[in-house]
Every structure is written in structure tokens, then in C-alpha cells.
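Please read the following with the sequence and the model side by side. The paragraphs take up a pair of packed helices and then a pocket.

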Amino acid sequence: MADEKKPGLFEKGGKLYWLHSTIDAFDTFLRVPGTVTAKGAHVRDGIDLKRVMIMVVIALVPAALFGMYNVGLQTSTVYGLDWGFFQKFWYGLLRMLPLFVVSYAVGLAIEFASSQIREEEVNEGYLVTGFLIPLIVPVDVPLWMLALAVAFSVIFVKEVFGGTGMNIWNPALVARAFLFFSYPSSMSGSGVWVSKTWVGVLKDVDAVSTATPLALAHDGGLAELGAHYSFMDMFWGFIPGSTGETSVIAILLGAILLIWTGVASWKIMLSSLAGGLLVGWLGQIAGATELPCYYQLVMGGFLFGSVFMATDPVTAAQTECGKWIYGFLVGALAVVVRLWNPGYMEGMMLAILLMNTFAPLIDHCVVTVHINRREKKLRTV
């Protein structure tokens, strides 16, 4: 009798099968698996979740690269340093790199451990979440705080619900919310948006205060904002703020790629802008703000949230009509918070998390209305 073929080290029955999920994740990271269907394939395409996630990361690269340069620009401006382009970019890269390392190290460690425990394949969703989190927090946020926020987000927003595709809220935004409510002094105010560490020369410089456009507009109106930043400064992104959220141009480049590849919904993006513009215009008419409504789109994290986080296919509305409603309410609520909540100048984070909660209800209502309309038509035939 021929000897039975022994299972491989990482195959079921092998000595290292407990590492199967980890090995499979690395094996399929840059290539399509060599497995084939036993019968005729229904979908002839190499695209899968991993490729979709990588496409989103690529779309985020322009915002990340500009953000690194802007970190150096803001630092050199505050300290009066005569830095050139590459010095500014290099400084920003050095300041951002630890944030990316901590975000991915903590998040992926939890993802891999959870997959091993459940004996499932490693989900690829954290490829995007790990890249997003450093772009939406202050550049000088303590690394231990960031590690806590990432761990909280991955464990309590993703893994307890079953992993990627099962979460109710956007994990990156929950990490930011965790930091905002747990450590507000490190996430808000005028002193957190410019790095206080000058690599190789200065350490722990105190009393650096640089207000964001939102803070200036909130405290002093259009005149105070105009005294510090022009509309084009905000459009190009030469302003203090979270690393990835300042440049409209960089964000739009990512939006074009996501729309062109069909990875993100243009309906959500467009309706979110419409909601923000409408409420901003109504607020201007009502005397709640002096700012033209289009200023709302270039300040804070409005555009970044509309493009990269409101469009999250897991936590956003799924029906086509529902996407219009969901996006409009995200933009509208964000500006409502900005104009009528004196304690919180930025509203995008809360708006998206709130609409994540109501997205299933929106889809349910849309589907119910559609079914009732079809039944009514059938009864009249």
C-alpha cells in the first residue's frame, strides 16, 4: 500500500498549522492565489478584497505625501527655519513614520492573532485603516496613546463583530474618537497641530500655538481667518491640521482614482458636498456664520472624510438611493455641528459615526419603499 502523502507544515494536520492564517496572508499579499475552482468559474477577474484595499491606500498616498511636506513647512514657519523643500519633506517623513509603524504593528498583530484563534484567513481591511489613522491625528500624538486607540478600535469595533465586513462603525474614526474623548488636550486646541520636536536640534519645545482655520473662524469670524490664511492657502493645504486632511488638491487626486476604479461611491461624495454647502448657505443666511458656504469644504476634515471615510463600503449605505441620503446627511450634520456646537469646532467625525449607525435603517427604508411601490403597481395592473 502506497504511503499516504503527509500534510505540509502549514497545512491542516501539519506541525505549524496554527500559523496557517499568517503564512497565507503573506503568501497572497502581492499575488492572486494559485487555487482554482473545481468547475467553471463564474467570475473571471483577479480583483479581490486585498486589491481593493491596496487601491484605497494608493489613493491616500498623495494626501500622505503632501501632509509630510506640510508638517515640515508648518514647523519651519513656526520656528523661523530656513528649510528647503526636501528638508521640510524629510522632517515630515521622520515625524510621520513612527505613527505608521505603531498603527500597523499594533493593528496587524491583533488582526493576525484573532484570525489564528478563529482559524480563518487574515482579513485585509486593516491595510486601509492602518494607513488612515496616522493621517487623521495630530503629528505629535504620543505613540502610547496611538497604540491604545488602535487596539481599542480593532478589538471592540472589528473583532468582536466578526472582523472585516462585519463592523458597524468606521474603525479609523473610532480610534480618533477614542483619542478625542480620552485625551482631549492632545487632540484639540491650538498647540497640537505643529510638531514641537525639531529633529536633531530642539527637543520638547513648549508654547507653540498655531490655530487651525476652523478655530480662527470659530473664534474671530471671517476677518480673523482672512488675517492668517487665504482661501487658496486652505485649498492647497498650507495650513495647520491633521496630516492628511489639509490639501484639497491631494484629496481630489485620490477621489478621482477611487471613482475611476469604482472602488468608492461618487454618489456619497457628491451628496456629502451638497449637504455641507446647503447647511453652510442656510447658516450664512441665518447669521450663524460669516463664512461663505464653500469655505466649509476646505476647512478641517470635511473633504477628507467625504472621500475616504464616508464612502467606506462596509459602514455606509448600500442601496443606490440610500447612498444619496446617507451622504447628504453626513455633510449636513457635519456643518450643523460646526455652526451650532460651540464646544466642538470639527463635525465630520461625529457626523460619519452617527450616520454609520443609521445606514442600515436608511437602506431598510429605501428597500421597503421600493417594495411597496412595486406592489402598488402590480395591484393596479
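In this predicted model, a good place to begin is helix α5, residues 143-158, whose axis comes within 8 Å of that of α6 and crosses it at roughly 130 degrees. Two packed helices are described by the angle between their axes and the distance between the axes. An angle over 145 degrees would count as roughly antiparallel and one of 65 to 115 as roughly perpendicular, and α5 and α6 are therefore oblique to each other. As for handedness, the crossing in which α5 passes α6 is right-handed.

The side of the contact that belongs to α5 consists of Met145, Leu146, Leu148, Ala149, Phe152, Ser153, Val157 and Lys158, while α6 brings Pro171, Ala172, Val174, Ala175, Phe178 and Leu179 to meet them. Sorted by class, the residues of this contact between α5 and α6 comprise twelve that are nonpolar, one that is polar and one that is charged.

From the helix pair we can turn to the empty space in the model. Rolling a probe the size of a water molecule over the atoms shows where such space is left. The largest pocket holds about 410 Å³, and its lining is made up of 27 residues, with Trp193, Thr212, Leu214, Met345 and Glu346 lying nearest the centre. Helix α6 (171-182) returns here, since α6 and α7 (213-228) are the elements that give two or more residues to this lining. Of the elements, α7 gives the most, with three residues. The lining of the largest pocket as a whole divides into 14 nonpolar, ten polar and three charged residues.

How values were computed. Residues are numbered from 1 along each chain as its sequence is written. This is a predicted model: local features need pLDDT of at least 70, side-chain atom pairs count only at pLDDT 80 or more; totals for chains, interfaces and linings use all residues. Side-chain values use heavy atoms; hydrogens and water are left out. On a 1 Å grid over the protein atoms alone, a cavity is a set of points where a 1.4 Å probe fits but cannot get out, and a pocket is an open set with protein on both sides within 12 Å along at least five of seven lines; lining residues have an atom within 4 Å of a point. Grid points are joined across faces, edges and corners, and a volume is the space filled by probe spheres set on the points. Helices (H or I, at least four residues) and strands (E, at least two) are DSSP runs, numbered from the N terminus. Ala, Val, Leu, Ile, Met, Phe, Trp, Tyr, Cys and Pro count as nonpolar, Asp, Glu, Lys and Arg as charged, and the others, Gly among them, as polar. Axes are lines fitted to C-alpha atoms, for helices over the stretch in contact, and angles run from 0 to 180 degrees between N-to-C directions. Angles under 35 degrees count as roughly parallel, over 145 as roughly antiparallel, 65 to 115 as roughly perpendicular and the rest as oblique. A crossing is left-handed if the near helix is turned anticlockwise from the far one by less than a right angle, and right-handed if clockwise. Contact means heavy atoms within 4.5 Å.
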